[in-house]
Amino acid sequence: MIIDGHAHIGKSNYGTIEELNNDMKLAGIDKAVLVPGGMVNVKRMTKYITGEEKPDGEYIPNDIVENIIRKEPGKFYGFYCVNPLKREEALLEFESGIKRGFSGLKLAPLIHGFSLASQTVLDLADLCGQLEVPFYSHTLYSPGASTKKMGALAKLFPKTKFIIGHMGFGPSDVDAIEYAAKFDNVFLETSQGSYAGIEEALKKCGSTKLIFGSEFPLYKPICGLVNIKQLSCNDGDMDNILYKNIQYLLKITN
């Protein structure tokens, strides 16, 4: 089995569920974790990272993801995205989303410009632990949303499972790897990570800390999958990365 741990679906005509289904079939991927996408033009991603262009994050397409996971609950799972700047509203929205069938939390500091040390993020991290669902966020080259801030959250909330998206910031984030090795509750999702970085994480953290993800539609799922399949590891380790770890976090039984 193969589960894509991170694929974006949104309101745009680029990166549709039809395209994802075709890409999954081509790559031999069985299931996928969907997160709301389309809040930035992925073809202009560098402009957003540098701050030259600002994303429109007012509308978060959780509804599009929800429609898909309701139609095909055994194939697709969803992480609910909220804007922590909305404070109490964000907490209520997230808890409601979990009750409606979502499997975890997705935060997007690039889109919403919040700090991972804000009180609302702390409350969301605590709530994830209470609800026994994972907390997923990517990190930035920014004091407020750095990998170090994710490490601080993991230390503060040991009962919450944290997934650091894209292996942290950049192609080989040493801090992200160190946190995954140090804390039982920290996992690394591999999309956009370099082969060298993933290989180093496998060596230092073990296969139980890595989760295959594609970052569809910015990347084709088969491309990320080729990177993983080049790793020097046994079948058990490969299964952990390709599906068992995310299966464990989301309590997927079939």
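Guide: Let's start with Met-167, which is buried at a relative accessible area of 3%. Bear in mind that this is a predicted model.

Visitor: Where in the chain is Met-167 found?

Guide: Look in the loop between β6 (162-164) and α8 (174-182). Its backbone is worth a glance too: phi of Met-167 is near 65 degrees, a positive value in a residue other than glycine.

Visitor: Which other residue has a phi near 65 degrees?

Guide: Try Glu-215, again a non-glycine residue with a positive phi. Glu-215 sits in the loop between β8 and α10, and at 7% relative accessibility it counts as buried.

Visitor: While we're in that loop, what is the peptide bond from Phe-216 to Pro-217, cis or trans?

Guide: That bond is cis, with omega near 5 degrees. Pro-217 has its place between β8 (210-211) and α10 (221-229).

Visitor: Now the charged side chains. How do I read a salt bridge?

Guide: Here's the general idea: side chains of opposite charge can pair when their charged atoms come close. In this model the count comes to nine salt bridges. Take Asp-23 and Lys-220, whose side chains meet at 3.1 Å, N to O. Asp-23 is in helix α1 (residues 17-27) and Lys-220 in the loop between β8 and α10, so this pair links distant parts of the chain, 197 residues apart.

Visitor: Are those two partners buried or partly exposed?

Guide: One of each: Asp-23 counts as buried at 9% relative accessibility, while Lys-220, at 37%, counts as partly exposed. There's also a network of salt bridges here, linking Glu-19, Asp-23 and Lys-220.

Visitor: What about Lys-204 and Glu-200, where do they lie?

Guide: Both are in helix α9 (residues 195-205), four residues apart, which is about one turn of the helix. Their closest N and O atoms are 3.4 Å apart. Lys-204 is partly exposed at 48% relative accessibility, and Glu-200 is partly exposed too, at 29%.

Visitor: And the nonpolar residues? How many are in the largest core?

Guide: The largest nonpolar core has 72 residues, and those with the most contacts inside it include Leu-20, Phe-94 and Leu-153. Helix α6 (residues 119-131) gives the most to this core, with six residues. Apart from it lies another core, of 14 residues, among them Tyr-136 and Ile-211.

Visitor: Which residues form a nonpolar patch on the surface?

Guide: Leu-26, Ile-222 and Val-226 do, with about 270 Å² of accessible area together. Ile-222 belongs to helix α10 and is partly exposed, at 33% relative accessible area.

Definitions and conventions: Residues numbered from 1 in each chain as written. Predicted model: local features only at pLDDT ≥ 70, side-chain atom pairs only at ≥ 80, totals over all residues. Heavy atoms only, no water. Core = buried A, V, L, I, M, F, W, Y, C linked by side-chain atoms within 4.5 Å. Buried < 20%, exposed > 50% of the residue type's maximum accessible area, 1.4 Å probe, protein only. Helix = DSSP H or I, 4+ residues; strand = E, 2+ residues; numbered from the N terminus. Patch = residues over 30% accessible without salt bridge, like charges linked within 9 Å, V, L, I, M, F, W, Y side chains within 5 Å. Areas by Shrake-Rupley, 256 points an atom, 1.4 Å probe, with all protein chains shown as cover. Salt bridge = Lys/Arg side-chain N within 4 Å of Asp/Glu carboxyl O.
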